[in-house]
Amino acid sequence: MIRSALGCAVLFVALAVLVTTGATARPDRFLSELGTAAAGAHPGLTRVAQVVEAVTQPVWVYLAGLLGVVTVWRRGRRRAAVAALVAGAVASVTSPALKAAFDRGRPAVDLGYTTAGGGSFPSGHALASATVVLLFVLVLVPARWRSRAIVLGSLELGVVAVDRVWVGAHWPSDVLAGFLLAGLIVLLAARSASEADGDPAGAASGPGPEARG
């Protein structure tokens with residue numbers, strides 16, 4: 001997990017440098033224009049995208065994650081619950097801090113498809129969703145449910161990624177940055193949880209004693 005976390009960190013830093021130097025401007029603009037053009041051509045889907053934007057606000061996503069934390073805490077997996085709680089807290093404060101530091105403008109808020117404001121890099125929606133999804137997959141859910149969590153989580157992340165570009169709230173590189181940052185944070189949390197459980201191979205995702213008995 002440490003190697004994977006390091007990989008996420010390196011990729012995030014590299015992406016941040018590319019964004020800062022303007023190297024991603026052309027592909028970002030191209031994909032953003034495709035998204036907002038589709039939004040204008042399909043108003044019904046755009047209304048759906050606006051609903052997705054509302055229900056995947058970071059505050060609601062983190063609350064859903066908190067329910068998972070409370071559940072595993074009550075089942076006796078308290079070190080895993082603490083690791084997940086810390087990861088969510090770190091993600092929630094990292095996003096606004098980085099947005100303020102990079103101060104990147106959003107692509108198409110003037111079109112009126114989104115209510116997003118403030119900085120654009122990284123995407124707070126993407127960071128929150130990826131953090132909670134990865135926490136469920138790697139830390140919170142029992143191993144027997146992991147495949148279902150992966151499928152549902154992948155669908156949710158795909159919808160959020162498209163939604164952020166569709167309504168003009170974020171550049172594609174903002175979304176990718178949010179996913180990479182979430183990977184870094186959660187992989188470190190998962191390593192911490194597995195070490196605390198005494199099983200570096202992945203005990204963090206297994207059921208607690210009472211769930212097994």
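# Helices, salt bridges and a surface patch

Q: Is Arg 164 buried or exposed?
A: In this predicted model, Arg 164 has a relative accessibility of 0%. The cut-off for a buried residue is a relative accessible area under 20%, so at 0% Arg 164 counts as buried.

Q: Which residue forms a salt bridge with Arg 164 where the closest N and O atoms are 2.8 Å apart?
A: The partner at 2.8 Å, taken between the closest N and O atoms, is Glu 53. This pair links distant parts of the chain, with Arg 164 in helix 7 and its partner in helix 3 (residues 43–55), 111 residues apart. Both members of the pair are buried, and the residue that forms this salt bridge with Arg 164 is Glu 53.

Q: What is the N to O distance in the salt bridge where the side chains of Asp 163 and Arg 164 meet?
A: Asp 163 has a relative accessible area of 3%, which makes it a buried residue. Its side chain meets that of Arg 164 in a salt bridge, and the N to O distance is 3.0 Å.

Q: Which residues are joined into one network by salt bridges that share partners?
A: A search of the whole structure finds four salt bridges, including the one between Asp 163 and Arg 164. Where salt bridges share partners, they join into one network the residues Asp 28, Arg 104 and Asp 174.

Q: How many residues apart in sequence are the parts that Asp 28 and Arg 104 tie together?
A: The side chains of Asp 28 and Arg 104 meet in a salt bridge with an N to O distance of 2.8 Å. Asp 28 lies in helix 2, whereas Arg 104 belongs to the loop between helix 5 and helix 6, so the pair ties together parts of the chain whose separation in sequence is 76 residues.

Q: What is the relative accessible area of Arg 104?
A: Asp 28 has a relative accessibility of 4% and counts as buried. Arg 104 is buried as well, with a relative accessible area of 15%.

Q: Why do the buried residues of helix 2 lie on the same side, and what arc do they cover?
A: Helix 2 (residues 25–41) has 17 residues and reaches 24 Å from its first C-alpha to its last, close to the 24 Å expected at 1.5 Å a residue. Its buried residues are Asp 28, Ser 32, Gly 35, Thr 36 and Ala 39. On the other side of helix 2, Arg 26 and Ala 41 are exposed. The buried residues are placed on the same side of helix 2 because the arc that they cover around the axis is only 90 degrees.

Q: What arc around the axis is covered by the buried residues of helix 4?
A: The 17 residues of helix 4 should span 24 Å at 1.5 Å a residue, and its end C-alpha atoms are 24 Å apart, in agreement with that value. Within this helix, Val 61, Tyr 62, Gly 65, Gly 68, Val 69 and Val 72 are buried. These residues are on the same side of helix 4, because the arc that they cover is only 110 degrees.

Q: Which helices do the buried residues of helix 4 pack against?
A: Leu 67 and Arg 74 are exposed on the other side of helix 4. The buried residues of helix 4, among them Tyr 62 and Val 69, pack against helix 5 and helix 6 (124–140).

Q: Which helix gives the most to the nonpolar patch?
A: The patch on the surface is formed by Val 59, Trp 60, Leu 63, Leu 66, Val 70 and Leu 85, which together have about 550 Å² of accessible area. One of these residues, Trp 60, is partly exposed, with a relative accessible area of 49%, and is found in helix 4. With five residues in the patch, the helix that gives the most is helix 4.

Q: Which residue with a positive phi follows helix 5?
A: Helix 5 (residues 78–102) has 25 residues and reaches 36 Å between its first and last C-alpha atoms, close to the 36 Å expected at 1.5 Å a residue. Its buried residues include Ala 80, Gly 88, Thr 94 and Lys 99. With a positive phi, near 50 degrees, the residue that follows helix 5 is Asp 103.

Q: Leaving aside neighbours within four places in sequence, which residues is Ala 161 in contact with?
A: Ala 161 has its place in helix 7 (residues 146–166). Its C-alpha atom is separated by 6.2 Å from that of Val 175, although the two residues are 14 residues apart along the chain. Once neighbours within four places in sequence are left aside, the contacts of Ala 161 are Val 175 and Phe 179.

Terms used. Residues numbered from 1 in each chain as written. Predicted model: local features only at pLDDT ≥ 70, side-chain atom pairs only at ≥ 80, totals over all residues. Heavy atoms only, no water. Patch = residues over 30% accessible without salt bridge, like charges linked within 9 Å, V, L, I, M, F, W, Y side chains within 5 Å. Areas by Shrake-Rupley, 256 points an atom, 1.4 Å probe, with all protein chains shown as cover. Helix = DSSP H or I, 4+ residues; strand = E, 2+ residues; numbered from the N terminus. Buried < 20%, exposed > 50% of the residue type's maximum accessible area, 1.4 Å probe, protein only. Expected span 1.5 Å × (residues − 1). Arc of directions from axis to C-beta. Contact = heavy atoms within 4.5 Å.
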